[in-house]
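The following exercises concern charged side-chain pairs and their burial. Each task is followed by a stepwise solution.

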Amino acid sequence: MKTKLLIFIGLLLTFLTLSGFSQNNIEDNAHILNKETQELITAKNNRYWQTKEQPQVVVKTVDRLNHLTPKTLNKQKNKVFIVIGVKKDKKNVQIYSTKDLHGAFTAESRASIIRAAGDELRSSNNATFNKGVRFVFRACATKVDQQYQYTLDKYDLTDSEQSTITHPRKVALPIALALVIVVAGMIYVLRKVKRKNA
């Protein structure tokens with residue numbers, strides 16, 4: 001009888017470890033997260049369960065584009081939510097954090113993460129889109145690890161990937177140069193027209 005009870009408890013603990021902890025990190029209501037993305041989310045969050053603070057990076061997909069803020073956000077601690085709104089071909093990806101992580105996840109840093117993965121997140125190809133979701137997840141996990149001073153691991157961003165967030169590709173200079181050329185061209189044309197009319 002004792003042996004059967006021990007086996008039952010062992011199986012129950014294994015089930016809770018393998019499914020209970022990981023399942024609440026993924027809510028794929030829109031059915032867009034592929035296996036590779038789900039495995040990354042599960043693996044990294046399972047590592048977090050072994051820490052004192054036990055933070056979580058939760059990924060949720062919903063069938064709407066607006067009102068993405070998680071309902072229980074203000075009642076929780078040590079959590080980051082990546083919420084993906086989906087409606088037909090449109091997608092909206094947002095990052096939310098609990099109050100204790102607001103210092104790491106400022107509005108600017110959240111926007112920078114999403115902007116860095118923008119090309120992938122705008123893709124209509126699901127594999128490419130998932131690549132963007134994984135980048136966003138890894139960026140959030142990196143910020144969590146830095147916040148709690150955890151050792152960075154294979155799930156975190158590399159230094160070069162982090163630099164794409166902190167130093168995004170500069171598009172202002174090419175745009176400014178193009179504007180200068182257009183304005184110079186307009187001035188040249190206007191002067192020619194003035195001379196002909198004079």
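A residue is called buried under 20% relative accessible area, exposed over 50%, and partly exposed in between (1.4 Å probe, protein chains only). The model is predicted, so local features need pLDDT of at least 70 and side-chain atom pairs pLDDT 80 or more, whereas totals for chains, interfaces and linings use all residues. Residues are numbered from 1 along each chain as its sequence is written, and side-chain values use heavy atoms, without hydrogens and water.

**Exercise 1.** Determine which parts of the chain the salt bridge of R134 and E36 links.

Step 1. A salt bridge requires a side-chain nitrogen of Lys or Arg within 4 Å of a carboxyl oxygen of Asp or Glu; for R134 and E36 the N to O distance is 3.7 Å.

Step 2. R134 belongs to helix α5 (residues 126-147) and E36 to helix α2 (residues 35-48), 98 residues apart. Helices are DSSP runs (H or I, at least four residues), numbered from the N terminus.

Step 3. R134 is buried at 14% relative accessible area, while E36 is partly exposed at 48%.

**Exercise 2.** Identify the network of salt bridges to which K44 belongs.

Step 1. The closest N and O atoms of K44 and D153 are 2.8 Å apart. K44 lies in helix α2 and D153 in the loop between α5 and α6 (159-166), so this pair ties together parts 109 residues apart in sequence.

Step 2. K44 is buried at 1% relative accessibility, and D153 is buried at 19%.

Step 3. D156 also forms a salt bridge with K44, at 3.5 Å from N to O. Shared partners join K44, R47, D145, D153 and D156 into one network.

Definitions and conventions
Helix = DSSP H or I, 4+ residues; strand = E, 2+ residues; numbered from the N terminus.
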